[in-house]
Amino acid sequence: MEDGVLLVDKKKGITSFRVVQLIKRKYRLKKIGHAGTLDPMAEGLLVILIGKATRLMDYIGEYKEYIGTLKLGVKTDTDDIEGKVIEEKEVPDLDEKRIRAVLREFIGEIEQRVPLYSAVKIKGKRLYELARKGIPVEPPVRKVFVKNIEFISWEKPFLTLRFFLKKGAYVRALARDIGDKLGCGAHLYALKRTYVSPYRLENAYTLDEILEGRYELIPLDHAVPHLPSATLSREKAWLFCHGGRIEGFYPPGIYAVRDPEGHLIGIGSGHVRDIKPEKVLR
């Protein structure tokens with residue numbers, strides 16, 4: 001297994017860290033990581049980066065898609081099914097029109113209170129560490145972007161939705177806040193991730209298939225197909241790989257920089273009149 005991207009269809013009950021460790025041990029890998037964790041209760045797409053591809057972590061997963069089921073009427077301290085029940089209310093008779101009206105309030109840039117049990121740090125300590133010790137703490141409120149929330153089904157007390165979010169937004173927090181807006185509270189009962197830009201779940205392999213050698217690795221040269229390419233001459237590619245700015249017309253943005261043969265040599269940022277290295281891979 002060489003430099004590249006591996007798409008894993010993670011099942012419930014296993015941590016993202018455990019998936020990474022099993023693959024690392026099986027194939028004796030030195031560098032391996034993932035582009036966004038999945039909680040043990042969640043399933044779906046886990047993007048594994050191997051070798052030089054680990055340096056592309058910042059350019060993968062800007063947008064993510066999930067299918068989530070909310071259980072209305074029950075709130076938990078973790079905002080999901082794994083937490084302790086802290087409040088229960090009767091679920092009103094809701095119709096689809098009322099639910100859709102509430103969902104519209106959560107589309108666009110919104111303020112979101114980070115879940116109490118999360119890896120966000122306050123004064124050097126992770127929130128979940130403080131929560132487990134019973135230390136009172138007020139989770140921070142952050143601005144996040146929700147591109148769309150699609151209604152799928154409603155069968156009291158279960159509400160199933162499709163979420164399309166920008167990196168940084170918590171589906172657990174959305175479940176909690178949507179439940180509050182509906183007047184009865186809620187927690188995230190089930191979750192499946194179906195998309196981590198630019199990759200989709202249907203192209204992923206189960207952990208068993210990967211450990212048995214039945215998989216295809218996305219090579220480094222094809223790891224960032226969503227980024228526009230900037231192909232350089234051999235001389236300019238050499239200069240880029242040694243930290244030099246390359247003159248030319250490059251509208252502002254992030255580019256996959258390639259040599260004359262199309263090999264990915266790095267990531268560059270365009271500044272209209274030139275492009276400069278952000279990451280050099282070769």
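**Backbone geometry, strand pairing, cores and pockets**

Val-272 is partly exposed, with a relative accessible area of 38% (buried is under 20%, exposed over 50% and partly exposed in between, with a 1.4 Å probe and protein chains only). The structure is a predicted model, in which local features need pLDDT of at least 70 and side-chain atom pairs count only at pLDDT 80 or more, whereas totals for chains, interfaces and linings use all residues. Residues are numbered from 1 along each chain as its sequence is written, and side-chain values use heavy atoms, with hydrogens and water left out.

Val-272 lies in strand β18, residues 264–280 (helices, H or I of at least four residues, and strands, E of at least two, are DSSP runs numbered from the N terminus), and its phi is positive, near 70°, although Val-272 is not a glycine. Asp-79, likewise not a glycine, has a positive phi of about 70°, but Asp-79 is buried, with a relative accessible area of 7%, and is found in the loop between β5 (74–76) and β6 (85–88). Most residues other than glycine have a negative phi, and most peptide bonds are trans. A cis peptide bond, with omega of about 5°, joins Lys-156 to Pro-157, and Pro-157 is found in the loop between β10 (141–155) and β11 (158–166). The bond from Ser-197 to Pro-198 is also cis, with omega near 10°, and Pro-198 is found in the loop between β12 (186–196) and β13 (199–200).

The strands on either side of Pro-157, β10 and β11, form a hairpin with 2 residues between them, and they run antiparallel, joined by 8 bridges (strands pair if DSSP finds at least two bridges between them). β11 also pairs with β4 in the antiparallel sense, over 9 bridges. Thr-160 of β11 takes part in both arrangements, as it is the bridge partner of Thr-69 and also stands opposite Ser-153.

The largest nonpolar core (buried Ala, Val, Leu, Ile, Met, Phe, Trp, Tyr and Cys joined through side-chain atoms within 4.5 Å) has 31 residues, of which Leu-70, Leu-72, Leu-161, Phe-163 and Ile-178 touch the most other members. At least two residues of this core are supplied by each of β4, α2 (96–104), β10, β11, α4 and β12. Phe-163 is in contact (heavy atoms within 4.5 Å) with Lys-64, Glu-65, Tyr-66, Gly-68, Leu-70, Asn-148, Ile-149, Val-171, Leu-174 and Ile-178, residues up to four places away in sequence not being counted. Apart from the largest core lies another, of 23 residues, among them Leu-56, Tyr-59, Tyr-199 and Val-224.

The largest pocket (an open set of points on a 1 Å grid over the protein atoms alone, where a 1.4 Å probe fits, with protein on both sides within 12 Å along at least five of seven lines, and lining residues having an atom within 4 Å of a point) is lined by 38 residues, and Thr-37, Leu-38, Asp-39, Tyr-170 and Arg-172 lie nearest its centre. Two or more lining residues come from each of α1 (16–27), β4 (63–72), α3 (127–132), β11, α4 (171–181) and β12, with β12 giving the largest share, 3 residues. Asp-79, the buried residue with a positive phi, is one of the residues that line the second largest pocket, together with Lys-75, Thr-76, Asp-77, Ile-86, Arg-113, Leu-116, Pro-139 and Arg-176.
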